[in-house]
Amino acid sequence: MPKFDITLISPERAKAMLTEYKEQRKNSVPHLEHPGRYILPDYKLTRRRAAFKIVKHTFLTPHYKSYVAMDSDNGHTLWFHNFGSLTEALFWLETGLKMSDTDSHSNYKEWMVKHTAEIETFKDLLRERKHKPGAKAKKKAK
């Protein structure tokens with residue numbers, strides 16, 4: 001099990017989290033049911049403005065080798081970003097920095113070298129999840 005407190009989630013769970021966050025935005029002190037840090041593999045977030053470009057709609061769309069990182073660790077706000085690699089998504093969730101950001105304490109390359117074992121564990125978890133025998137049967141049934 002990886003040392004990171006990050007969970008791989010399904011598209012259904014991610015959509016439920018986005019819906020819950022949208023509903024909670026109306027509250028002065030929102031309280032999300034499932035706080036934590038999550039990664040949704042093979043999807044990306046797209047945004048489209050509608051209703052005379054006033055209302056912004058967020059959609060999850062399938063996109064091979066793309067990752068959506070979702071951080072709701074404080075229990076009140078859901079932060080999310082698209083990433084092109086699993087390592088970048090893990091870096092953002094762990095440090096709060098993007099790949100191009102520099103901090104006096106760490107940067108992307110140093111962090112990646114320091115956490116190589118944890119990153120590989122996550123990649124193995126993702127491979128196992130994709131190659132489960134029941135995963136293809138479920139897709140064909142739909």
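In the next few minutes I will talk through the nonpolar cores, the salt bridges and the aromatic pairs of this structure, which is a predicted model.

Let me begin with the interior. The largest nonpolar core has 19 residues, and the members that touch the most others are Ile6, Ile39, Leu86, Leu90 and Phe122. Several elements give two or more residues to this core, namely strand E1 (6-8), strand E3 (55-71), helix H2 (86-95), helix H3 (108-114) and helix H4 (116-130). Among these contributions, the largest share is that of H2, which supplies six residues. Apart from this core there is another one, made of 15 residues, and Tyr38, Leu40, Met70 and Leu78 are among them. As general background, nonpolar side chains in soluble globular proteins tend to be buried together.

Helix H2 deserves a slower look. Seven of its 10 residues are buried, and the helix is therefore mostly covered, if we take buried to mean under 20% relative accessible area. The buried residues in H2 are Leu86, Thr87, Ala89, Leu90, Phe91, Trp92 and Leu93. If you are following in the structure, please find leucine 90, and ask which residues it is in contact with once its neighbours within four places in sequence are left aside. They are Phe4, Ile6, Ile39, Trp111, Ile119 and Phe122. After H2 comes glycine 96, which has a positive phi, near 85°.

I turn now to the charged side chains, where a search of the whole structure finds two salt bridges. In one of them, arginine 37 is paired with glutamate 94, and their closest N and O atoms are 3.0 Å apart. This pair links distant parts of the chain, since arginine 37 belongs to strand E2 (residues 37-50) and glutamate 94 to helix H2, with their positions 57 residues apart. Is each partner buried or partly exposed? Arginine 37 has a relative accessible area of 13% and is buried, whereas glutamate 94, at 28%, is partly exposed.

The salt bridge between arginine 127 and aspartate 124 has an N to O distance of 2.6 Å. These two residues are both in helix H4, and because they are three residues apart there, about one helical turn separates them. Arginine 127 is partly exposed, with a relative accessible area of 44%, and aspartate 124 is partly exposed as well, at 37%.

My last topic is the aromatic rings, for which the search of the whole structure finds five pairs. One of these joins phenylalanine 4 and tryptophan 111, whose ring centres are 5.7 Å apart and whose planes meet at 15°, so that the pair counts as stacked. Phenylalanine 4 sits in the segment before E1 while tryptophan 111 sits in helix H3, and the pair therefore ties together parts that are 107 residues apart in sequence. Both partners are buried, with phenylalanine 4 at 8% relative accessibility and tryptophan 111 at 5%.

Another pair consists of phenylalanine 91 and tyrosine 108, with ring centres 5.3 Å apart and planes at 80°, so this one is edge-to-face. Here too the pair links distant parts of the chain, as phenylalanine 91 is in helix H2 and tyrosine 108 in helix H3, 17 residues apart, and both of these residues are buried.

To bring the rings together, Phe4, Phe91, Tyr108, Trp111 and Phe122 form one aromatic cluster. Of these names, you have already heard Phe122 as one of the residues that touch the most other members of the largest core.

Terms used: Residues numbered from 1 in each chain as written. Predicted model: local features only at pLDDT ≥ 70, side-chain atom pairs only at ≥ 80, totals over all residues. Heavy atoms only, no water. Core = buried A, V, L, I, M, F, W, Y, C linked by side-chain atoms within 4.5 Å. Buried < 20%, exposed > 50% of the residue type's maximum accessible area, 1.4 Å probe, protein only. Helix = DSSP H or I, 4+ residues; strand = E, 2+ residues; numbered from the N terminus. Contact = heavy atoms within 4.5 Å. Salt bridge = Lys/Arg side-chain N within 4 Å of Asp/Glu carboxyl O. Phe/Tyr/Trp six-rings, centres within 6.5 Å; stacked < 30°, edge-to-face > 60°.
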